[in-house]
Amino acid sequence: MSLNGWLQILSFMTVVLLLAHPVGNYLVRVFERRSTFLDFVLAPCERLLYRVTGIDPDHEMRWTEYAIAMLIFSAATTVLTYVVERIQHLLPLNPQHLPGVESALALNTAISFTTNTNWQSYVPEATMSYLTQMVGLATHNFWSAAVGMALAIAFIRGIARREAKTLGNFWVDMTRSILWVLLPISICLALLLVSQGVIQNFKAYDTATLLEPQRIVDSSGKIATVTTQTIAQGPVASQEAIKMLGTNGGGFFNANSAHPFENPTPLSNFLEMVAIFLLPASLVVALGRMVGSPKHGWAILAAMIILWFAGTTACYWAESQGNPLLHGVDQRASLIQSGGNMEGKEVRFGIANSALFAAVTTDASCGAVNGMHDSFTPLGGMVPMINILLGETIFGGVGAGLYGMLVFVVLAVFIAGLMVGRTPEYLGKKIEAYDVQMSMLYLLIFPCIILGFAAVSVLMPNLGLSSLSNHGPHGLSEILYAYTSAAGNNGSAFAGLNANTHWYNYSLAVAMFCGRFLMIVPMLAIAGNLAGKKIVPASSGTFPVTTPLFSILLVGVLLIVGALTFFPALSLGPVLEHLLMRSGHVF
Amino acid sequence: MSTHASRRSLFDRQIVRRASLESVAKLNPRTMMRNPVMFVVEIGCVLTSALLIVNAFGHRGSSRFDLQITLWLWFTVLFANFAEAMAEGRGKAQADALRKAKSETTASLIVNGSIQEVPSSQLHAGDIVRVVAGQMIPGDGEVIEGVASVDESAITGESAPVIREAGGDRSAVTGGTRVLSDIITVRITSNPGETFLDRMIALVEGAERQKTPNEIALNILLAGLTIIFLLAVVTLQPFAVYSGAPQTVFVLISLLVCLIPTTIGGLLSAIGIAGMDRLVQHNVLATSGRAVEAAGDVNTLLLDKTGTITIGNRQASEFIAAPGVSIRDLADAAQLSSLADETPEGRSIVVLAKEQFEFRGRELANLNAEFVPFSATTRMSGIELDGRSIRKGAVDAIAQYLQRHGALPLPPELHQATEKIAKGGGTPLVVAENGRALGVIHLKDVVKGGMRERFDHLRAMGIRTVMITGDNPLTAAAIAREAGVDDFLAEAKPKDKMNFIRREQADGKLVAMTGDGTNDAPALAQADVGVAMNSGTQAAKEAGNMVDLDSNPTKLIEIVAIGKQLLMTRGALTTFSIANDVAKYFAIIPAMFAGVFPVLNALNVMHLHNAESAVLSAVIFNALIIIGLIPLALKGVQYKPMSASSLLRRNLFVYGLGGLVAPFAGIKLIDLAITALRLA
């Protein structure tokens, strides 16, 4: 670990926080349908959209109607993407003449992008045409982020409204989040990325002649000489911006943000990381403003920052240690090398920015990577996994992170709220049986998916275990990580697992679907129920949700209630692997 | 009863014996199902026991470890049952004492003017009975004729007899109490099995105990956590098999039982019962646990000024005559108007007049006078004799009276005098004779000692106190200032009280109040916590959700504290229970896998002796902590009035951090003991 590394990590969070305040206030204006400086272009677009689709923007929806609208929208767009993938060979913008995508993979990918997971069981540049990337996938990057934001706003309204029946209008919330938030910021970010060298074209792939021919052993055991390299092209920058901003994470290329065309410079890397946290952090600020307690927003943000900082520190520390089994190799950081465990990391990012990126992309349910998590040290690789296992609540996905965190806030208030001698109240709303029931349902689904599927996978040698390229505890980590990433709608991978099999494509699709939609329904039910309640005015007897103590309490509940469930599994995976590595065993 | 209850020690030998037997009887699965957490433990016990038996006959044989685990798992369930039985036992002991009062008596039923002797258990609502001195009142009812002194000690524990008379607010009588003097005719108001005494017995016994809303919510949380941990343990076996370290059922069930929140699951119902019990010990009966919970949530306390904030009797201290009236004439009129006034204020006026002018006590009967009693609507009382029409009352009441009779308005001098008195916190009573104001009587109000501090505590807890008084706003403000209440409702009529409660509730606030009169009944019913005085009318008792047997309105403050303590105890033990899991993981996980992967001993931070002793220690700790926390569950966590922030900081430190650290020490100690005893 170096001072330079720490300065970069801290300056990252400083920039995020400096931006979160104005952007958060802007979000409040957007979703309360107040005037903004972009109205002169966007308001006519909005009116036109409503007129064409026949939506009444003043119609208010109950939570059930809101949920149904969201589900219909998601189902329709899933089908659209599935169809585009299947018939891409018949459609334009396919200079590489890629064939239609096989059905299991097409389904997996369609669900993956709809659920904001962006898990990729395939190599994009060898599977998806430009049209599929743009119409099938990049659009989902906007839609799924917009859906997440709409849901978070609906939840906030549930907390803020008193004795109300409705949570807003799904179509309006989604339209406004795309027009006023995602599109303008994406356009600016895409241009910034292009300035750093991210490509944006429709060209066929380039072929370059290698200066030094490579001899490789192919799968049949024959030695072949490779003299050329195919260099993939495409409309990358436009997709890259929303991939980070919408915490989607699906790479245009297989190497994701480690690829020089996606993430060429340390500055582009910095911008991409800031883009991941920008909206999740701003939404927390918006929460504080909309419920009339800005300090509450900052208290939640503080809890997120504590967990982010702990994860980043652990990962940075673990990766800086280097590999204890490599002897006679200088792994110390110096002026000419970054030191530490550089396997699977890009030299232009080094240890600090790779560890930070890994923490940020898994705190938020982004899933873009600029280094291979599979190649991290066992403890360094456990950090991303724990980040996701905490329910993607540390900043979390756009919208999804906030509502996930709010469910934990409800639980924390319920568990500790009694200790102030009143039945639990959250911002004046009594937390009662129905709220607890729905929160527990929300909480239950997540480990159910992860542990259930992982347990089944390790029991089935032909389906689950045959995909493993590593055995022992590392193999268990790979399987656990895959379902964790899917259920948490993260999308990053411990790449050692070949997930493009029928079992993994289908089971991961189910995991992604349940991890998104099964959890959204109880979450909206809580919001709908909260909206109908009276607000007990605050007094000195009210449970404090604005203090540092509350932030610490929230962190404690997240760690104990959220993550402790996974302790046995983790101890047989990364923890065991780490301890075995120290005694000389690797997998 | 109260004196008995408070003397009864926490672990009364008789109660412990009864509770021990009950805890076995409670193993009935149908009873256990009410408590999902402990039900899961019981299923675990049955599984391990069955396996133990199967193994004993099989070739594998049963190990000492398996046997010990099974035994301790049973103990876990028994200890939880014991906690509940202990809490119930204390109530049952009180119920037994009450039942003695309910001994079968005969009643003198009046049918068509003649008297029939019938057993009291056959009385129905609407029956009329006659009770003479020395007889037991056969059932709850209302005195419709006569006055009697009644010994209510069976219900209240108070040995001084009380007066019960027809009409007014002292007409309610309770079955099982004894008439000491005179004869009364009572209309029975309750059917067999529904009497106050029956309800009281059922309440303290917990027979009709229903889970309160917060208890239901907490149970859902605990059931949810149980399912989550069940999932974690069930899926652990496949991972263990994959890793080449499969586990026995005994170890897996041990892990499960240690992880699920057995501490709070086992003590939850005991906490609720103990909360009700604490109320009973304060001589307050709540009709439901819901009311106790609501008491903890109260935002606004409505307190009657008289008897609660001030000492009931205001004393007349001065006569101030109007211009052109002699003080002597004023005193004379004042005394005459107060002769039939039995209130302490009335008596103090008579006394003051006697002291200052040596008026002899005059008998009403000799005067051929007609007394005009005080009523809530006129807010005046007075006398009619020999063409003299004397009235005394509040300033505005008299002013209206004068206006109605076309008399001269109050002279400005009197206005100044009344305002001066009111500003000083006193109560001015204006005396008028034949439509002419004679002067003012200064009644002094004395605020009870220590009230200011109590209101400060309540304020720190976020509870607003509102004083209700019939006084005029000036007087009310002065007393409110002196007593330190947050707000006051002056010149309050019963309807105003009701409107005030409704207004507060519309803002989402919970309101508590006390009341005794029939005209308080609607407000008592509307309030979230309505405490009726036992001395009050039957209507008031029916309307409220608590009855204070001591009829002490100040007790509302204690009731709120008991409610808060109940909720805090629940929260503290829930937090403690969940925080415990961390240490248990660190005991059991390395024990499970260090056999195959010795490197995992790095997680054995407590350096427990071996795998078996580690698992056993965790299970034993888990069982013993339930027993260890029974006193806390029954007595409630220590409670001091302070702000929510301070309470949270304190309780989170004690029960959150304590819950995290305590089991590390506890499990280590048990491990040392087990190792010393060579049990594992």
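Colleague: How many residues of strand β11 of chain B are buried?

Modeller: This is a predicted model. Strand β11 of chain B covers residues 300-304, and 4 of its 5 residues are buried, so the strand is largely enclosed by the rest of the structure. As a general idea, side chains in a regular strand alternate between the two faces of the sheet.

Colleague: Which strands of chain B pair with β11(B)?

Modeller: One of them is β18 of chain B, residues 464-468, which runs parallel to β11(B) and is joined to it by 5 bridges. There, B:T300 has B:R464 as its bridge partner. Strand β20 of chain B, residues 511-515, also pairs with β11(B) in the parallel sense, over 3 bridges. In that pairing, B:L302 is matched with B:M513.

Colleague: Now the cysteines. How many disulfides are found over all chains?

Modeller: A disulfide is a covalent bond between the sulfur atoms of two cysteines. A search of the whole structure gives 0 of them.

Colleague: Why is A:C315 too far from A:C366 for a bond?

Modeller: The cut-off is a sulfur pair within 2.5 Å. The closest cysteine sulfur to that of A:C315 belongs to A:C366 and is 15 Å away, so the two are too far apart for a bond. Seen from the other side, A:C366 is in no disulfide, and its nearest cysteine sulfur is that of A:C315, at 15 Å.

Colleague: Are these two cysteines buried or exposed?

Modeller: Buried counts as under 20% relative accessible area. A:C315 is buried because its relative accessibility is 0%. A:C366 has a relative accessible area of 0%, so A:C366 is buried too.

Key
Residues numbered from 1 in each chain as written. Chains lettered and ligands numbered in written order. Predicted model: local features only at pLDDT ≥ 70, side-chain atom pairs only at ≥ 80, totals over all residues. Heavy atoms only, no water. Buried < 20%, exposed > 50% of the residue type's maximum accessible area, 1.4 Å probe, protein only. Helix = DSSP H or I, 4+ residues; strand = E, 2+ residues; numbered from the N terminus. Pairing = 2+ DSSP bridges.
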